[in-house]
Amino acid sequence: MGRSGTTLIDKLLSNHPKIDVLSQPFPLIFVSLKKKYLGVLGKDQYYVLNQHLHDENFSQDKFDQFLDNVTFDKNYLQSIFNNMKHYSGQTIKPSYPIVENLEMDLSGLDGIYKSSIELFDVKDSYYIGSKEIMCEEFLPYFIKNNYKTILVYRDPRDIIASINYPKSKKYLGNKKPTLFLLRTWKKSIRYLNSLRGNKNFFFIKYEDLINRPYKNLNKITDFLDISSFQDNQFDHGIYDRDGSLWNANSSKDKEISSISSNSIESYKKCLSLEEIHYIESICNKDMKQLGYNFETTPSIEAISQFKDYDIEDSKELDKMFSSLKNNIDFEVKEFKENEDC
């Protein structure tokens, strides 16, 4: 999920001599693949990486089969990279943007992914990988193909605060309906629960990483079967891949990055009690499972009476998304089912 600490963890891991993580090198490849799959099903939607949590027609097995068999030609891959030239979601730009003269195996996501990685100037590392957000439906495919995968999750109240009430840059665009964002968060948790225990899957709580960084980073190095981080590795800051000190992409400040607890429970400074009550009610079951403390008592009334404010309408997303009757009915039904468990 966006604003869950994905950039922090990719920077921390890239400080290890055996790891090189590219930060969002080709987000539109994942978007394109999901659009192609939905096109096969006769669907056309804008937010393709957010929308299948409650889609009864989405089959993970069929999606994995699609990713096994999908093929890109060089012109199509080139068009995707052309579209990312000025796209802010692509954090790192390729060193070799022209693909037509390169030898590439573009059959299956495995081939597409590895060929795309080769367009970047990567270090000679034991592990080379990438960080993307909201791509959890691709995790089962990567796990099956023996990729090591890591999912980081964070308190949904802090995520809503960071996305909808940033102090500086809007990393996920304009303010969005709270329910839309919470369903995207819950998507992460659904995949966490379905994949936990797999030898190629690791998950980490953002708050644990912040409060006990070396202990939790070394759980990751154990997972990857490589040497541990040094206990004082980040005392003088976090370094970027090019060796320079990394400037945080925090929406709270722009100081040289360190591992700081300032971002934990930041929601208390900007969310209303109504918003907190709503988030805790929508995410009730998952927040309890993940060990988050509650400010309120979750309730059906908090779901049915909630209203978003100051959201711009768009053709892609109804500004009343959180208040649409079918969405309220669905969330109330899920709340009741969780209470009965």
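This passage walks through the packing of a predicted model, from its nonpolar cores to a few single residues.

The biggest piece of the interior comes up front. The largest nonpolar core counts 75 residues, and the ones with the most contacts inside it are Phe26, Ile29, Phe72 and Phe138. Helix α8, spanning residues 178–195, gives the most to this core, with nine residues. There is also a second, separate core of 23 residues, which includes Leu12, Tyr206, Leu209 and Phe223.

Ile29 is a handy way into the larger core. Setting aside residues up to four places away in sequence, isoleucine 29 touches Phe72, Leu77, Ile80, Phe81, Ile112 and Ser116. Ile29 is also part of the contact between α2 and α4. The axes of α2 (residues 27–40) and α4 (residues 74–83) come within 10 Å and cross at roughly 125°. Angles over 145 degrees would count as roughly antiparallel and those from 65 to 115 as roughly perpendicular, so the two helices are oblique to each other. Their crossing is right-handed. On the α2 side the contact is made by Leu28, Ile29, Ser32 and Lys36, and on the α4 side by Tyr76, Leu77, Ile80, Phe81 and Asn83. Sorted by class, that contact has six nonpolar, two polar and one charged residues.

Just ahead of α2 sits a bit of backbone worth a look. Glutamine 24 lies in the loop between β1 (19–23) and α2, and has a positive phi of about 50° despite not being a glycine. Glutamine 24 counts as buried because its relative accessibility is 13%, and the cut-off for buried is under 20%. Aspartate 225 is another non-glycine residue with a positive phi, this time of about 60°. Aspartate 225 is found in the loop between α10 (213–224) and α11 and, with a relative accessible area of 68%, is exposed.

Back inside, α8 turns up again, now alongside α11. The axes of α8 and α11 come within 11 Å and cross at roughly 35°, in a right-handed crossing. Here Thr178, Leu179, Leu182 and Lys186 from α8 meet Tyr278, Ile279 and Ile282 from α11. The residues of this contact split into five nonpolar, one polar and one charged.

Helix α11 (residues 273–282) is mostly covered, with seven of its 10 residues buried. The buried set is not purely nonpolar on the list: Glu275, Ile276, Tyr278, Ile279, Glu280, Ser281 and Ile282 make it up, and Glu counts as charged. The cover over these residues includes α7 (156–164), α8, α12 (284–289), α13 (300–304) and α14 (325–340).

Right after that helix comes Cys283, in the loop between α11 and α12. Cysteine 283 counts as buried, at 1% relative accessibility. Apart from neighbours within four places in sequence, cysteine 283 is in contact with Pro156, Leu182, Trp185 and Lys186. Of these partners, Leu182 and Lys186 also take part in the α8 contact with α11, while Pro156 belongs to α7. As for the other end of the chain numbering, cysteine 283 and aspartate 10 are 273 residues apart in sequence and 26 Å apart in space, C-alpha to C-alpha.

Helix α7 itself is largely enclosed by the rest of the structure, since nine of its nine residues are buried. Those residues are Pro156, Arg157, Asp158, Ile159, Ile160, Ala161, Ser162, Ile163 and Asn164. They pack against α8, α11 and α12.

Helix α7 also supplies a partner for a residue from the start of the chain. Serine 4 is located in the segment before α1 (6–14), and its 0% relative accessibility makes it count as buried. Beyond its neighbours within four places in sequence, serine 4 is in contact with Val152, Tyr153, Arg154, Ile159 and Tyr206. Ile159 is one of the buried residues of α7, and Tyr206 is included in the second core. A second residue of α7, Ser162, gives a distance to go with this: serine 4 and serine 162 are 158 residues apart along the chain, and their C-alpha atoms are separated by 9.2 Å.

Technical notes. Residues numbered from 1 in each chain as written. Predicted model: local features only at pLDDT ≥ 70, side-chain atom pairs only at ≥ 80, totals over all residues. Heavy atoms only, no water. Axes fitted to C-alpha atoms, helices over the stretch in contact; angles between N-to-C directions. Helix = DSSP H or I, 4+ residues; strand = E, 2+ residues; numbered from the N terminus. Parallel < 35°, antiparallel > 145°, perpendicular 65-115°, else oblique. Left-handed = near helix turned anticlockwise from the far one by under 90°. Contact = heavy atoms within 4.5 Å. Core = buried A, V, L, I, M, F, W, Y, C linked by side-chain atoms within 4.5 Å. Buried < 20%, exposed > 50% of the residue type's maximum accessible area, 1.4 Å probe, protein only.
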